[in-house]
Amino acid sequence: MSISKVSDIMEYLPYTLRDQVTSYVRSVHTAMPEIFEDAGIELDEEISDQILVIAALKRLYSICSSAFWTIENSLHQLAVDNIAAVRIGSTHYARGSEAHNNLRVLLNEFDNFLGQEDLGDYIKIFSYSEIARLLTNGR
Amino acid sequence: MDVDKVSRFLRRIIAHHQAVFRHIGNQQTKILELAAFLGAKEHYQCSGYNTCIMNPSRNELVVKTSTRGHPSRYSYCEVCKNGKVFEIHMNLLVRSAHDEGIYCVDFAVTKKDAVPKEIRCKEKWLCLENKNLITFGETKKLVIYPMLLAQFLGIVHEIKPRFIGGKLPRNFLKDRHFFPALIALGHFSGNSEAIVQSYRIRKIKIAIVHNYDTRLAFIRGGENASPFEPNFFEHKFPDVN
């Protein structure tokens with residue numbers, strides 16, 4: 001899998017998010033030799049492809065998770081002050097509001113897929129060398 | 001791992017939720033600024049202050065998202081302890097420390113009543129005078145890389161230069177204010193952590209707040225600590241940089 005294939009997958013993301021994901025994947029691609037060296041395994045194209053896809057998945061997931069949980073945590077903090085909603089421009093966030101629900105539904109869909117495909121660990125692990133080892137051992 | 005299956009999932013979820021992704025793209029920065037504003041409130045709460053969010057109308061927090069708009073139309077936070085009162089404002093125009101320049105900071109801690117609470121027809125409010133600014137913060141939805149640190153240092157130099165090698169304002173530490181803070185969603189990259197570690201020796205008093213969303217998650221989980229604490233992760237996650 002090349003960077004251009006990842007860009008292709010991200011084609012219909014809005015520019016700002018597409019750029020964040022592809023830049024991140026590009027940086028992982030650049031670091032690939034060091035990732036394998038730190039993992040103590042020989043560079044392998046198939047494992048590299050898997051790592052790039054995981055990088056794209058991780059980055060997009062973290063963007064969505066961050067958006068949802070930042071709003072959720074903010075609403076939680078504000079509830080202490082008896083404030084039930086936040087208005088950002090024309091968008092209204094409150095528990096049960098359309099904007100809040102849309103973020104939750106999106107995140108749930110990610111979580112369901114990660115659970116079904118047993119990919120949750122790859123999202124949580126910081127180190128790509130460790131991911132490389134796990135992928136190699138799981139062959 | 002099935003690369004094709006994951007690729008198909010990503011295509012499908014992007015196609016199915018295009019409007020939501022567009023929304024996230026538009027709102028990402030503003031959501032982070034909101035979280036930083038509330039983090040500042042949390043900081044003062046942890047420091048023993050009573051805090052209160054003041055809203056212009058109804059029971060909702062109205063976030064100021066740009067330089068435009070009179071501050072009285074947006075929410076702010078009042079913090080008080082031992083008779084001392086300060087305010088936290090979002091996207092506030094502030095005067096330079098050196099000249100007539102005006103900068104917009106993502107959130108600012110000010111002296112009480114230094115920011116007008118109503119629009120006065122006869123006079124246009126331009127900005128907060130520098131002497132009324134206690135401290136401030138900037139947010140970035142990026143990893144912390146060396147040039148970002150250099151850019152923030154430049155901002156601090158223009159707005160509050162005494163935090164770079166100078167003497168702290170009277171009662172600054174006693175009143176438990178935070179140093180000018182750079183709030184970032186990402187981790188340290190490159191040698192940026194080494195740069196930050198050198199700030200102490202160089203007498204540069206700024207707070208570099210990395211992995212901010214992770215900090216908020218801990219606080220939501222009941223952690224009673226300021227999200228701007230430099231060693232926030234020390235005892236929880238020693239390997240997180």
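In this predicted model, B:Glu78 has B:Glu87 as its bridge partner in β4(B), and on the other strand that pairs with β3(B), B:Cys52 stands opposite B:Glu78. The pairing of β3(B) with strand β4 of chain B, residues 84-95, is antiparallel and runs over 5 bridges. These two strands make a hairpin with 2 residues between them, and in its turn B:Asn82 has a positive phi of about 50 degrees. Strand β1 of chain B (residues 50-54) is likewise joined to strand β3 of chain B (residues 76-81) in the antiparallel sense, over 5 bridges, and within this pairing B:Thr51 has B:Val79 as its bridge partner in β3(B).

These pairings belong to a wider arrangement, an open sheet of 7 strands in chain B whose order is β1-β3-β4-β5-β6-β7-β8 and whose pairing is mixed. At its edges stand β1 and β8 (207-209) of chain B, and because each has a single partner strand, one side of each is left without a neighbour in the sheet. On average, and with direction ignored, neighbouring strands of this sheet are turned by 25 degrees against each other. Helix α3 of chain B, residues 146-159, lies across β4, β5 (102-111), β6 (133-140), β7 (181-184) and β8 of that chain, and its course makes about 155 degrees with β6(B).

A further sheet draws on both chains: 3 strands, in the order β2(A)-β1(A)-β2(B), form an open sheet with mixed pairing. Its edges are taken by β2 (91-94) of chain A and β2 (60-63) of chain B, each of which has a single partner strand, so one side of each is left without a neighbour in the sheet. From one strand to the next, the twist averages 20 degrees. Helix α4 of chain A, residues 45-79, packs on this sheet, where it touches β1 and β2 of chain A as well as β2 of chain B, and its direction makes about 130 degrees with that of β1(A).

The mixed character of this sheet can be followed strand by strand. Strand β1 of chain A (residues 85-88) runs parallel to β2(B), to which 4 bridges join it; along this pairing between the chains, A:Ala85 has B:Glu60 as its bridge partner in β2(B), while A:Ile88 stands opposite B:Val63. With β2(A), by contrast, β1(A) pairs in the antiparallel sense over 4 bridges, and here A:Arg87 stands opposite A:His92. The two strands of chain A form a hairpin with 2 residues between them, and A:Gly89, which lies in the turn, has a positive phi of about 65 degrees.

As for the confidence of the prediction in chain A, the pLDDT averages 90, and 99% of the residues score at least 70. Within this chain, confidence is lowest in helix α1 (residues 3-9), at a mean of 86, and highest in helix α5 (residues 98-116), at 95.

There remains the question of enclosed space. The structure holds 1 cavity of 30 Å³ or more, and the volume of the largest cavity is about 30 Å³. Its lining is made up of B:Lys64, B:Pro71, B:Tyr74, B:Ser75, B:His89, B:Met90 and B:Leu92, and by class these comprise 4 nonpolar, 2 polar and 1 charged residues.

How values were computed. Residues numbered from 1 in each chain as written. Chains lettered and ligands numbered in written order. Predicted model: local features only at pLDDT ≥ 70, side-chain atom pairs only at ≥ 80, totals over all residues. Heavy atoms only, no water. 1 Å grid on protein atoms, 1.4 Å probe; cavity = no way out; pocket = protein on both sides within 12 Å on 5 of 7 lines; lining within 4 Å. Points joined across faces, edges and corners; volume = space filled by probe spheres on them. Nonpolar A, V, L, I, M, F, W, Y, C, P; charged D, E, K, R; others polar. Pairing = 2+ DSSP bridges. Axes fitted to C-alpha atoms, helices over the stretch in contact; angles between N-to-C directions. Contact = heavy atoms within 4.5 Å. pLDDT = per-residue confidence, 0-100.
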